[in-house]
Amino acid sequence: MQYIPRSHCNISSNRKVVRGAFGKAPLFLPAMRPVKSPLVNPAFSIRLASQRDALAIAEMSRTLIEVGLGWSWTPKRVIRSVQDPETNVAVACRGEVIGGFVIARYLPDRVHIPLFAVERGVRRRGIGRALLRWVETTATTAGIGLIRLEARGTNHAARAFYRAAGYREIALEPRMYGGREAGVRLAKDLWRGRASPAGSA
Ligand SMILES: CC(C)(COP(=O)(O)OP(=O)(O)OC[C@H]1O[C@@H](n2cnc3c(N)ncnc32)[C@H](O)[C@@H]1OP(=O)(O)O)[C@@H](O)C(=O)NCCC(=O)NCCS
């Protein structure tokens, strides 16, 4: 039986489908017992988002990520992700306050992160790193060894953040955003560096 980590906050739905790697049938993953999130700042914990969080997440996307591009991650779109059985939307929260969030979509051969941000006032406290690790843990638990995402070319903070977390820049695209702004594709092979089974090459 494979499990997907759940937060220690209350979650309305206790089941989420994550498609298995290599085109296997979707896995129904029951919730684990509550576990402490591995956050550097102990005041924050990670939980799955609910529809009630959609407005806050959409606002963070508008003001922290999509600046100058137009607002595509509206509350309705965030709610669709919350409801999508093959997508996790996770928030790092301190009580009712959301300090950061990540959206992760589980595909047969990879996890794609379309949206990720930490509030300005709580950056450089390990919250982004903890959210990214949360996604990586769910990916490996689901048997998926590859994470992919994109960042704006001018977003040097995010590029440094991902590099520090072991992500490699694999492609630069001159017109990734709105047909006019350059973007960079990043990837992390989660299996890399793992010991191969005894006897294998
Ligand atoms: C990128 C982002 C998510 C990082 O979140 P964070 O919580 O501040 O990151 P962490 O505190 O976990 O940082 C982990 C490490 O990443 C690196 N890092 C993070 N921010 C950095 C920055 N501005 N410059 C250089 N390195 C940085 C550092 O190595 C850092 O470790 P350290 O603080 O011990 O030196 C945050 O800056 C953000 O939300 N930016 C705006 C939205 C965005 O760019 N989203 C991602 C692309 S869609």
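Here's a walk through this structure, from its sheet to its ligand and then to one lysine. Keep in mind that this is a predicted model.

Let's start with the sheet. Strands of a sheet pair through backbone hydrogen bonds, and they can do so parallel or antiparallel. Here, seven strands line up in the order E3-E4-E5-E6-E7-E9-E8, making an open sheet with mixed pairing. At the edges you'll find strand E3 (45-48) and strand E8 (168-177), each of which pairs on one side only. Going from one strand to the next, the twist averages 25°.

Now zoom in on one edge. E8 and strand E9 (residues 181-189) run antiparallel, joined by six bridges. One residue to look for is Tyr177, whose bridge partner in E9 is Glu181. Helix H1 packs on the sheet too, where it touches strand E4 (87-94), strand E5 (97-106) and E6. The direction of H1 makes about 80° with that of E6.

Next up is the ligand. There are 19 residues around the ligand, and Arg123, Gly128, Arg129, Ala157 and Ala160 come nearest. Two or more residues of this shell come from each of helix H1 (54-65), strand E6 (111-118), helix H3 (127-141) and helix H4 (156-164). H4 gives the most, with five residues. What's the mix by class? The shell has 12 nonpolar, three polar and four charged residues.

Finally, take a look at Lys76, which sits in helix H2 (residues 75-83). Is Lys76 buried or exposed? Lys76 is exposed, because just 9 other C-beta atoms lie within 10 Å, and a residue with 12 or fewer counts as exposed. Its C-alpha atom is separated by 8.7 Å from that of Ala58, which is 18 residues apart from Lys76 along the chain.

How values were computed:
Residues numbered from 1 in each chain as written. Predicted model: local features only at pLDDT ≥ 70, side-chain atom pairs only at ≥ 80, totals over all residues. Near = placed C-beta within 6 Å. Helix = DSSP H or I, 4+ residues; strand = E, 2+ residues; numbered from the N terminus. Nonpolar A, V, L, I, M, F, W, Y, C, P; charged D, E, K, R; others polar. Buried ≥ 20, exposed ≤ 12 C-beta atoms within 10 Å, placed from the backbone. Pairing = 2+ DSSP bridges. Axes fitted to C-alpha atoms, helices over the stretch in contact; angles between N-to-C directions. Contact = placed C-beta atoms within 7 Å.
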